[in-house]
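Please open the structure in your viewer, with selection by residue number ready to hand. The tour below goes from stop to stop, saying what to select and what is found there.

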Amino acid sequence: MTTPTLRVPAPRTPGARTRRTGNAVRRLPLNLAALAVLAVSVFPVYWMVITALKPTTAIQSDTPSFLPLHPTLAHFRTAVHADGFGTFWRNSLTVTLGAVLMSLVVALLAAFAVGRMRWRGRRAFLLLVFTAQMAPWEALLIPMYVIARDTDMLDKLSMLTLVYFMTTLPFTIVTLRGFLAAIPVELEEAAQVDGCTRPQAFRRVTFPLLAPGLLSTSLFGFITAWNEFAFANTLIIKNQDARTLPVWLSSFSNVFGTDWGATMAASSLFMLPVLLVFLVLQNRVTTGMTAGAVKG
């Protein structure tokens, strides 16, 4: 019968404690700078939410209050019961999801052609994609309006969906190409050796590993299309029932001016879908899946 031996932990040396303290001190300015950036970024959102919860008298007061002392949901009720709230919400969701799905499908095919195939003109194609990504989309407002007018596509959600698809496509192609390049081609070759065809190898091996890239790009495309205002305000003129939520947010005004409480409440409701999508996808948007697949 063996006697168990007791392991005494090694004493911590003063040098290690000093190094940890020194590292903490060196990181202190960076941490303070990060907190300052966080405060500057979050404060407008915080002010929007508390303004939506304040009564009208507190909003119009000369003395600002950073906490809603007497919170109320009256402004949220005003926003929800405003004319066309459900219609405009459905319009925004329709054009956003349609643009994101189309851009993912087209960009996935383009990224595979650029990242896995060698063909003449591939570099020129990538250069055009990067150029389109760098171009300011606001410069296309007038050309898009002229095209929509000449093709009888004004005041139609289908035209708005195509425009959002066009604006999100270059970034989606570039991002998916980067994710696809990070996946070793040897995985597909091993699957082909085991009897899979090239499409089957892509569908069974590469596509599951590409899921983080698809989620990341879909999140970006969703945010871009959901928040877009200029094209929606330019291409939807006469048919007010085809407006989207960003345009609808500018309608909270009366004879006394802008109803800031209802505007802030509507803006808070407008922010919820993007926040929910981010909370759902944040744990899945990771690039560590490829390393695990290679080791397996």
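## A tour by selection

Begin by selecting Ala262, which lies in helix 13, the helix of residues 260–281. The model on the screen is a predicted one. With a relative accessible area of 0%, Ala262 counts as buried, since the cut-off for that class is under 20%. Now add Arg77 to the selection: although Ala262 and Arg77 stand 185 residues apart along the chain, their C-alpha atoms are separated by 8.4 Å.

Next, select helix 7 (157–182) together with helix 10 (residues 211–227). Two packed helices are described by the angle between their axes and the distance between the axes. Here the axes of helix 7 and helix 10 come within 10 Å and cross at roughly 155 degrees, which makes helix 7 roughly antiparallel to helix 10, because an angle over 145 degrees falls in that class. The crossing of helix 7 and helix 10 is right-handed. To see the contact itself, show side chains on both helices: those taking part from helix 7 include Tyr164, Phe171 and Phe179, while helix 10 contributes, among them, Pro212, Leu214, Phe220 and Ala225. Sorted by class, the residues of this contact of helix 7 with helix 10 comprise 8 nonpolar and 8 polar, with no charged ones.

For a second pair, turn to helix 4 (residues 85–116) and helix 5 (residues 122–134), whose axes lie 10 Å apart and make an angle of about 135 degrees. Helix 4 and helix 5 are therefore oblique to each other, and their crossing is left-handed. The residues to highlight are Ala110, Ala113 and Val114 in helix 4, which meet Arg122, Phe125 and Leu126 in helix 5. By class, the contact of helix 4 with helix 5 is made up of 5 nonpolar residues and 1 charged residue, with no polar ones.

Then move to Thr244, in the loop between helix 11 (230–235) and helix 12 (245–248). Is Thr244 buried or exposed? At 3% relative accessibility, Thr244 counts as buried. If its neighbours within four places in sequence are set aside, the residues in contact with Thr244 are Phe88, Asn91, Ser92, Val95, Leu160 and Ala232, so a selection made around Thr244 should also display these.

The following stop concerns charge pairing, for which the count comes to 1 salt bridge. Select Arg149 and Asp150, whose side chains meet in a salt bridge at 3.3 Å, N to O. Asp150 counts as exposed at 55% relative accessibility, whereas Arg149, with a relative accessible area of 46%, is partly exposed.

The last stop is the loop between helix 6 (141–150) and helix 7, where Asp152 has its place. Most residues other than glycine have a negative phi. Asp152, which is not a glycine, has a positive phi of about 60 degrees, and Asp155, likewise not a glycine, has a positive phi of about 65 degrees. Asp155 also belongs to the loop between helix 6 and helix 7. Which of the classes, buried or exposed, applies to Asp152, and which to Asp155? Asp152 is exposed, with a relative accessible area of 56%, whereas Asp155 is buried, with a relative accessible area of 15%.

Key: Residues numbered from 1 in each chain as written. Predicted model: local features only at pLDDT ≥ 70, side-chain atom pairs only at ≥ 80, totals over all residues. Heavy atoms only, no water. Axes fitted to C-alpha atoms, helices over the stretch in contact; angles between N-to-C directions. Helix = DSSP H or I, 4+ residues; strand = E, 2+ residues; numbered from the N terminus. Parallel < 35°, antiparallel > 145°, perpendicular 65-115°, else oblique. Left-handed = near helix turned anticlockwise from the far one by under 90°. Contact = heavy atoms within 4.5 Å. Nonpolar A, V, L, I, M, F, W, Y, C, P; charged D, E, K, R; others polar. Buried < 20%, exposed > 50% of the residue type's maximum accessible area, 1.4 Å probe, protein only. Salt bridge = Lys/Arg side-chain N within 4 Å of Asp/Glu carboxyl O.
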